[in-house]
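Hi everyone, thanks for making time for this. Let's take a look at the structure together, and please have it open as I talk.

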Amino acid sequence: MKTIKFLPLLFLFVLGSCSSVRVATDYDKNVDFANYKSFAFFKPGVDKVEISDLDKRRILNAIDAELTAKGITKSENPDLLVNIFTKSRQQVDVNQFNAGWGYGWGWGWNPWMWGGSSTTVSTSTEGTLYIDLIDAKKKELIWQGEGVGVLTQNLNKKDARIQEFVKKILEKYPPAKK
């Protein structure tokens, strides 16, 4: 009976983990992030990113919106330069389900066993988005956020997925003072 109560929770956890973005950040602990009030995109770095121009524009627009919401303004003479980098890899999941009925218990071959088995193979693409914040005057990396999650090819969900990646990464900026 406890198992039956546990299954819906397990299902929600598995379903939720499929759509989540895992985030990690690193930063220079000697930097006072309150001094950074403006930003611009680091064009030479952004131009090197090997994704479609449409996806690149989606990412840059999402970053622009998130930083603006934090009170950091876009400027021709910025305090911060924003660079991005992406990676992706194909993931293959193989699931096998065996069902059988028959005589006896235990391991091994059972001539009285009937039933069936099924194997499913699914593929997905896992993507990583790095957002680098660079001190514009010193030309030094001061903060880096990394988001990892499953990508979608569904055009209707692509904007939302990219916004989710950027939002989750930039939630960690600026780092909490200790």
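Let me start in the loop between S5 and strand S6 (140-150), where you will find Lys139. Keep in mind that this is a predicted model. Phi of Lys139 is near 60 degrees, a positive value in a residue other than glycine. Is Lys139 buried or exposed? Lys139 is exposed, with a relative accessible area of 60%.

Another backbone detail sits in the segment after H4, the place of Pro174. Tyr173 and Pro174 are joined by a cis peptide bond, with omega at about -10 degrees.

Now back to strand S5, residues 114-135, which holds Val121. Val121 has a relative accessible area of 57%, so Val121 counts as exposed. Together with Val92 and Val94, Val121 makes a nonpolar patch on the surface, and the three share about 290 Å² of accessible area.

Next, the pockets. Rolling a probe the size of a water molecule over the atoms shows where empty space is left. The largest pocket holds about 410 Å³ of space. Which elements give two or more residues to the lining of the largest pocket? They are helix H3 (53-69), strand S4 (80-101), S5 and helix H4 (155-170). The lining has 17 residues, and Ile51, Asp55, Ile59, Leu151 and Ile162 lie nearest the centre of this pocket. By class, six are nonpolar, seven polar and four charged.

The second largest pocket has a volume of about 270 Å³. Among its 17 lining residues, those closest to the centre are Phe33, Ala34, Pro174, Pro175 and Lys177, so we meet Pro174 from that cis bond again. This lining has ten nonpolar, one polar and six charged residues.Finally, salt bridges. Side chains of opposite charge can pair when their charged atoms come close. A search of the whole structure finds nine salt bridges. In one of them, Arg22 pairs with Glu126, with the closest N and O atoms 2.9 Å apart. Arg22 is in strand S1 (residues 22-27) and Glu126 in strand S5, so this pair ties together parts that are 104 residues apart in sequence. Arg22 is partly exposed at 46% relative accessibility, whereas Glu126 is buried at 11%.

Asp55, from the lining of the largest pocket, forms a salt bridge with Arg58, and their closest N and O atoms are 2.7 Å apart. Both Asp55 and Arg58 are buried. Asp55, Arg58, Lys158 and Asp159 are joined into one network by salt bridges that share partners.

Methods: Residues are numbered from 1 along each chain as its sequence is written. This is a predicted model: local features need pLDDT of at least 70, side-chain atom pairs count only at pLDDT 80 or more; totals for chains, interfaces and linings use all residues. Side-chain values use heavy atoms; hydrogens and water are left out. Patches are made of residues with over 30% relative accessible area and no salt bridge: like charges are joined within 9 Å, nonpolar side chains (Val, Leu, Ile, Met, Phe, Trp, Tyr) within 5 Å. Accessible areas come from the Shrake-Rupley method with a 1.4 Å probe; for residues, only the protein chains shown count as cover. A salt bridge is a side-chain nitrogen of Lys or Arg within 4 Å of a carboxyl oxygen of Asp or Glu. Helices (H or I, at least four residues) and strands (E, at least two) are DSSP runs, numbered from the N terminus. Buried means under 20% relative accessible area, exposed over 50%, partly exposed in between (1.4 Å probe, protein chains only). On a 1 Å grid over the protein atoms alone, a cavity is a set of points where a 1.4 Å probe fits but cannot get out, and a pocket is an open set with protein on both sides within 12 Å along at least five of seven lines; lining residues have an atom within 4 Å of a point. Grid points are joined across faces, edges and corners, and a volume is the space filled by probe spheres set on the points. Ala, Val, Leu, Ile, Met, Phe, Trp, Tyr, Cys and Pro count as nonpolar, Asp, Glu, Lys and Arg as charged, and the others, Gly among them, as polar.
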